[in-house]
Amino acid sequence: MKHLYTKKLFLLVSFFATLFAFSQEEITTKYTSSNKGKFYISWGGNREAYSRSDINFKGENYNFTINNASAVDKPKGWHIDYINPSRITIPQTNFKLGYFINDHYSIALGIDHMKYVLNVDDFKSISGTVNLPEQEPGSMFNGNYDGSDYFMSRYFLQFEHTNGLNYAYLEFARHDDISSFIHLPNTDKFQINITEGLGAGALYPKTNTTLLLKERYDEFHLSGYGIHFNAGLNFTFFKHFFIQGDLRAGYINMPDIRTTINTNESASQHFWFLERVISFGTIFRV
């Protein structure tokens, strides 16, 4: 009888010990140990570099190409405009909203507001013809261009995607926590992740163009598409806040860029880009 009582007591103690262990495990599970079902949102700034490209301009009485054209971005620097609601679209900015479909993979919608400024007031290789009616001011540039270097002033052409080179895309990304490799004690306080992603989307630039002394044109227009690869390093603080640095490389093809008020006139170009991004964000469950 005593032996049976001891056995029952042992089973009862074992049951409560196991229950306590599971309870403790549930209590001590870290928020950062699982990503599935979380959302994240970020906002930041960027700098860009562009490959050279051939830019073709065609319209009524002209068809010419700027060969091997170079361009730069238009940085604002550290500025209050990045968070000023009335001027938030002026700097080069990045927005992203994502959702984790499991612990390692996410899908996201992003909008990169880049800027592209063609270098002018310099000698450029130009091929093609300009044959405007003599009553047009731009007829002063009439001629056959054979690919030689000509001085291209801003009166001949000013061409900027400055409001901006807008790239709206969908991205599929992988996220890996590397905190354990550097022995971080508590990822709910500080966590380091690496990310890699592939994305594709549409280019919707607002192109500021003055061409052959025609009326300036500056309107939004769906002009083409882009694809990219992204690699990033993410630093998460206190479970919900992060800073992320990204290096994004991609290809842009815009076969239909509006240049004048005449819908029959356009430009086309394609080029590679390298974008450096620093963003601030939050990660959360709904």
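Okay, let's start with a term: a salt bridge is a side-chain nitrogen of Lys or Arg within 4 Å of a carboxyl oxygen of Asp or Glu. Keep that in mind, and keep in mind too that what you see here is a predicted model.

So, one example. Aspartate 176 pairs up with arginine 174, and their closest N and O atoms are 2.9 Å apart. That is within 4 Å, so the pair fits the rule. Are these two buried or exposed? Aspartate 176 counts as buried because its relative accessibility is 16%, and buried means under 20%. Arginine 174, at 27%, counts as partly exposed.

How many salt bridges are there by this rule? The count comes to 10.

Now look at lysine 214, please. Lysine 214 forms a salt bridge with glutamate 136, with 3.6 Å between the closest N and O atoms. Here the pair links distant parts of the chain: lysine 214 sits in the loop between β11 (206-211) and β12 (217-220), while glutamate 136 is in the loop between β7 (122-130) and β8 (143-152), 78 residues apart. Lysine 214 counts as buried, at 18% relative accessibility, and glutamate 136 is partly exposed, at 26%.

Lysine 214 also forms a salt bridge with glutamate 265, where the closest N and O atoms are 3.9 Å apart. Glutamate 265 is in the loop between β14 and β15, 51 residues from lysine 214, so again distant parts of the chain are linked. And glutamate 265 counts as buried, with just 2% relative accessibility. There's a network as well: salt bridges that share partners join Asp112, Arg248 and Glu275.

Okay, on to the inside. How many cavities of 30 Å³ or more does a search of the whole structure find? It finds 1, and about 360 Å³ of space lies in it. Its lining has 32 residues, and Tyr40, His175, Asn234, Phe242 and Gln244 lie nearest the centre. Several strands give two or more residues to that lining, including β1 (38-50), β9 (157-177) and β14 (241-258). By class, you get 9 nonpolar, 15 polar and 8 charged residues.

Last stop, the surface. Phe237, Phe238, Phe241, Ile243, Ile278 and Phe280 make up a nonpolar patch with about 590 Å² of accessible area together. The elements giving two or more residues to the patch are β14 and β15. Take isoleucine 278 in strand β15: with a relative accessible area of 45%, isoleucine 278 is partly exposed.

That's my tour, thanks for listening!

Note on methods
Residues are numbered from 1 along each chain as its sequence is written. This is a predicted model: local features need pLDDT of at least 70, side-chain atom pairs count only at pLDDT 80 or more; totals for chains, interfaces and linings use all residues. Side-chain values use heavy atoms; hydrogens and water are left out. On a 1 Å grid over the protein atoms alone, a cavity is a set of points where a 1.4 Å probe fits but cannot get out, and a pocket is an open set with protein on both sides within 12 Å along at least five of seven lines; lining residues have an atom within 4 Å of a point. Grid points are joined across faces, edges and corners, and a volume is the space filled by probe spheres set on the points. Helices (H or I, at least four residues) and strands (E, at least two) are DSSP runs, numbered from the N terminus. Ala, Val, Leu, Ile, Met, Phe, Trp, Tyr, Cys and Pro count as nonpolar, Asp, Glu, Lys and Arg as charged, and the others, Gly among them, as polar. Patches are made of residues with over 30% relative accessible area and no salt bridge: like charges are joined within 9 Å, nonpolar side chains (Val, Leu, Ile, Met, Phe, Trp, Tyr) within 5 Å. Accessible areas come from the Shrake-Rupley method with a 1.4 Å probe; for residues, only the protein chains shown count as cover. Buried means under 20% relative accessible area, exposed over 50%, partly exposed in between (1.4 Å probe, protein chains only).
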